[in-house]
Amino acid sequence: MTTPQLSTRYVFTITARIGEVTSAGEIGTGIRRIIPILGGEVRGEKVNGKVCAFGADFQIIRPNELIELEAKYAFETDDGAVVYVENKGLRFGPVELLQKLKRGEPVDPKLIYFRTVPKFETGAPRYRWLMENLFIGSAARHADRVVIDVHQVL
């Protein structure tokens, strides 16, 4: 017997508007940054709504510019369900391009490895499937927003 083959299916896109970076400075293992989440939208076939205007992305920039991130926020669906999101991930690429991103300059998202593992929580029965599956995200950082295409692991 073999194990089931993995595949993925696109389910929705989260566009999170972000605010100014706050840095706690060098903490011994890298630079701690906090980036507020100001709102945004969720769009897909089964899930649509608005990103709530609270939460943040908590990052550590390692000495080699590898960025470990952990975003915590929520979105409200168009039909009134609230979904909590905890999204951990990595962003990495050529140092000069990562420095351009930090300055808010445009960089082709294909040149930066930015993947996440979102985890969802909700009490709404129609969205329980979000808690019963694993998801991966392919993301892009822009000056004022982060765009994450969320894929269900099948």
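Strands, as I will use the word, are DSSP runs of at least two residues marked E, and they are numbered from the N terminus. With that in hand, we can place R43, which sits in strand β3, a strand covering residues 31-44. Please keep in mind throughout that what we are looking at is a predicted model.

Let me stay with R43 for a moment. Its relative accessible area is 35%, and because buried means under 20% and exposed means over 50%, R43 counts as partly exposed. The side chain of R43 meets that of E41 in a salt bridge, with 3.9 Å from N to O, and E41 is likewise partly exposed, at 36% relative accessibility. If you would like a sense of distance across the model, the C-alpha atoms of R43 and I136 are separated by 16 Å, while the two residues lie 93 positions apart along the chain.

That brings me to the salt bridges more generally. Side chains of opposite charge can pair when their charged atoms come close. How many salt bridges does a search of the whole structure find? The search gives seven, and I would like to show you a group of them that share residues. E70 and K72 meet through their side chains in one salt bridge, at 3.7 Å from N to O. K72 also forms a salt bridge with E86, where the closest N and O atoms are 3.9 Å apart. This second pair links distant parts of the chain, since K72 belongs to strand β6 and E86 to strand β7, with their positions 14 residues apart. Taken together, E70, K72 and E86 are linked in a network of salt bridges. As for how open these positions are, E70 is partly exposed, with a relative accessible area of 26%, and K72 is partly exposed as well, at 32%.

Now I would like to turn to the empty space in the model. Rolling a probe the size of a water molecule over the atoms shows where empty space is left. Here the structure holds three cavities of 30 Å³ or more, and the largest cavity contains about 110 Å³ of space. Its lining is made up of A16, I18, I37, D57, L69, A71, Y73, N87, F114, T116, V146 and I148. Several elements give two or more residues to that lining, namely β1 (8-18), β6 (67-77), β8 (113-121) and β10 (145-153). Which of the elements gives the most to the lining of the largest cavity? That is β6, with three residues, and β6 is also the strand in which we found K72. Sorted by class, the lining of the largest cavity has nine nonpolar residues, two polar ones and one charged one.

The second largest cavity has a volume of about 50 Å³. Around the second largest cavity we find R91, L101, V107, P109, I112, F114, A139, A140 and R141, and strand β9, residues 135-141, gives the most to this lining, with three residues. By class, that lining has seven nonpolar and two charged residues, and no polar ones.

From the cavities, let us move to the largest pocket, which has a volume of about 150 Å³. The residues that line the largest pocket are I18, G19, E20, V21, R33, L101, K102, R103, G104, R141 and A143. By class, this lining has four nonpolar, two polar and five charged residues.

On the surface itself, L90, F92 and Y113 form a nonpolar patch, and together they have about 280 Å² of accessible area. F92, one of these residues, is found in strand β7, which covers residues 82-92, and at 36% relative accessibility F92 counts as partly exposed.

I will finish with a detail of the backbone. Most residues other than glycine have a negative phi, and most peptide bonds are trans. E65, however, has a positive phi of about 75° although it is not a glycine. Where is E65 found? E65 lies in the loop between β5 (56-61) and β6. Is E65 buried or exposed? Its relative accessibility is 11%, and because anything under 20% counts as buried, E65 is a buried residue.

Terms used
Residues are numbered from 1 along each chain as its sequence is written. This is a predicted model: local features need pLDDT of at least 70, side-chain atom pairs count only at pLDDT 80 or more; totals for chains, interfaces and linings use all residues. Side-chain values use heavy atoms; hydrogens and water are left out. On a 1 Å grid over the protein atoms alone, a cavity is a set of points where a 1.4 Å probe fits but cannot get out, and a pocket is an open set with protein on both sides within 12 Å along at least five of seven lines; lining residues have an atom within 4 Å of a point. Grid points are joined across faces, edges and corners, and a volume is the space filled by probe spheres set on the points. Ala, Val, Leu, Ile, Met, Phe, Trp, Tyr, Cys and Pro count as nonpolar, Asp, Glu, Lys and Arg as charged, and the others, Gly among them, as polar. Patches are made of residues with over 30% relative accessible area and no salt bridge: like charges are joined within 9 Å, nonpolar side chains (Val, Leu, Ile, Met, Phe, Trp, Tyr) within 5 Å. Accessible areas come from the Shrake-Rupley method with a 1.4 Å probe; for residues, only the protein chains shown count as cover. A salt bridge is a side-chain nitrogen of Lys or Arg within 4 Å of a carboxyl oxygen of Asp or Glu. Helices (H or I, at least four residues) and strands (E, at least two) are DSSP runs, numbered from the N terminus. Buried means under 20% relative accessible area, exposed over 50%, partly exposed in between (1.4 Å probe, protein chains only).
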